[in-house]
Amino acid sequence: MHDFRARIPMRADRRIQFAATFLALLFLSWPAFPQEINHYSRVKDAKWYARQLQSLREEVAKIDADVRSHMEARKSAKGITDAVALDQEPEGVTSEGQIDVLRKRRVLLVRQIDDLEEQARHNAIVPGELRTEYGPEEPETNSGQKLSREAREVENTLAQEKEHLERARNDAELLRRDQKLKAQQEYSNPEPPSRRNKPSDLSGMSTRLTEKQAEVQEEEQKVAELEDRLRDLILNSPATPEPEVDAVAESESTNLENDRDEKAEAHWRKKFAALDYQIKTARAELDILQREHNVGLVQNYPNPATAMKESVTRKEINEHRKAIEEKKKELAELKKQRDDLEDELRHAGGPAGWARE
């Protein structure tokens, strides 16, 4: 007869084995814990801060060198004589106005540097990393894999927003220059405001400029967010590449899509809209350049000692004259491109209305 107590250890071992098997099966049935994903954000990237600060510091150093050069030229009066050849650029004619502009620009740059360093400190960036010099930022890659569909969509949206940002910046700069010219004309008018034929539109221009500057800031924020999103998608792209599409089928699909685009109204309207914007901008720039040139001719004096005190020099006048000629050539070329595009539209059988807004 078997001893009952001898069977107790055997039953205990079986219970332990059963429990271990049960726990193993339960563990395998649980879903895998998701791996922690570190999403990219430029406000946490020390390299981003370092590159921004490096660019700003280089511009500050260049301004300091320019100011020293102007100050030395003013002290030594190098190249200044009683007679000035109006068709040449005298070496020593500098201006207090130019030095003042450089110093104001330096103040703004230093303020931007302080703001960036303060932002980095709040985001726990080590100060030593901000002084590291990096080369030009290279575009992010995903180890030879094709971009995901979401990444391609973000990339296309980013390209569109960058184009909108560039246009907004150009429009804001033209408004600023136009406002400056209008203000000069307004303040130089000897008649009191009550006797003028029409009220000044400076207040309206200031409002439009403020709105445009706000648009620029909004577009800059959109571009920054899209750039971070695209980098985040690339850095956290799956290791397994997406299935490849047959090259022949993809080529045929692309050709069919291009054929449809050639006949699509949106395709032609987009081309004409882009050219019309370039022509409109070139005309506005030409108008402002000509007005700035006229103001420069009035402000400039043939005596270098007098010109030293003015904000415009003969060199700047010659540069404006050259810029006007180049802008006229650019405008003529853009008009020719539009005429050629109208011929292409007519030969493609498209209605002439597609060339108008």
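## W48 and its ring partner

Let's start with W48 in this predicted model. Is W48 buried or exposed? Its relative accessibility is 17%, and because buried means under 20%, W48 counts as buried. Y49 is buried too, with a relative accessible area of 0%.

How many aromatic pairs are there? The count comes to one. The rings of W48 and Y49 have centres 5.2 Å apart, and their planes meet at 75°, so this pair is edge-to-face. Two values are given here because a pair of aromatic rings is described by the distance of the centres and the angle of the planes.

## Charges over rings

Rings can also have a charged group over them, so to speak, as two places in this model show. At Y277, the charged end of R167 sits over the ring, 4.1 Å from the ring centre. At W268, the residue to look for is K271, which lies over the face of the ring at 5.7 Å from its centre.

## The whole chain

Now step back to the protein chain as a whole. Which elements does it contain? There are ten helices and zero strands. Reading from the N terminus on, the order is α-α-α-α-α-α-α-α-α-α.

The protein chain has 357 residues, and 26% of them count as buried. Its accessible surface comes to about 26000 Å², with 52% of that belonging to carbon and sulfur atoms. Among the contacts with a separation of 6 or more, 84% are between residues 24 or more positions apart.

Key. Residues are numbered from 1 along each chain as its sequence is written. This is a predicted model: local features need pLDDT of at least 70, side-chain atom pairs count only at pLDDT 80 or more; totals for chains, interfaces and linings use all residues. Side-chain values use heavy atoms; hydrogens and water are left out. Helices (H or I, at least four residues) and strands (E, at least two) are DSSP runs, numbered from the N terminus. Buried means under 20% relative accessible area, exposed over 50%, partly exposed in between (1.4 Å probe, protein chains only). Contact means heavy atoms within 4.5 Å. Accessible areas come from the Shrake-Rupley method with a 1.4 Å probe; for residues, only the protein chains shown count as cover. Rings of Phe, Tyr and Trp (its six-membered ring) pair if their centres lie within 6.5 Å; planes under 30 degrees apart count as stacked, over 60 as edge-to-face and the rest as tilted. A charge sits over a ring if NZ of Lys or CZ of Arg is within 6 Å of the ring centre and within 35 degrees of the ring normal.
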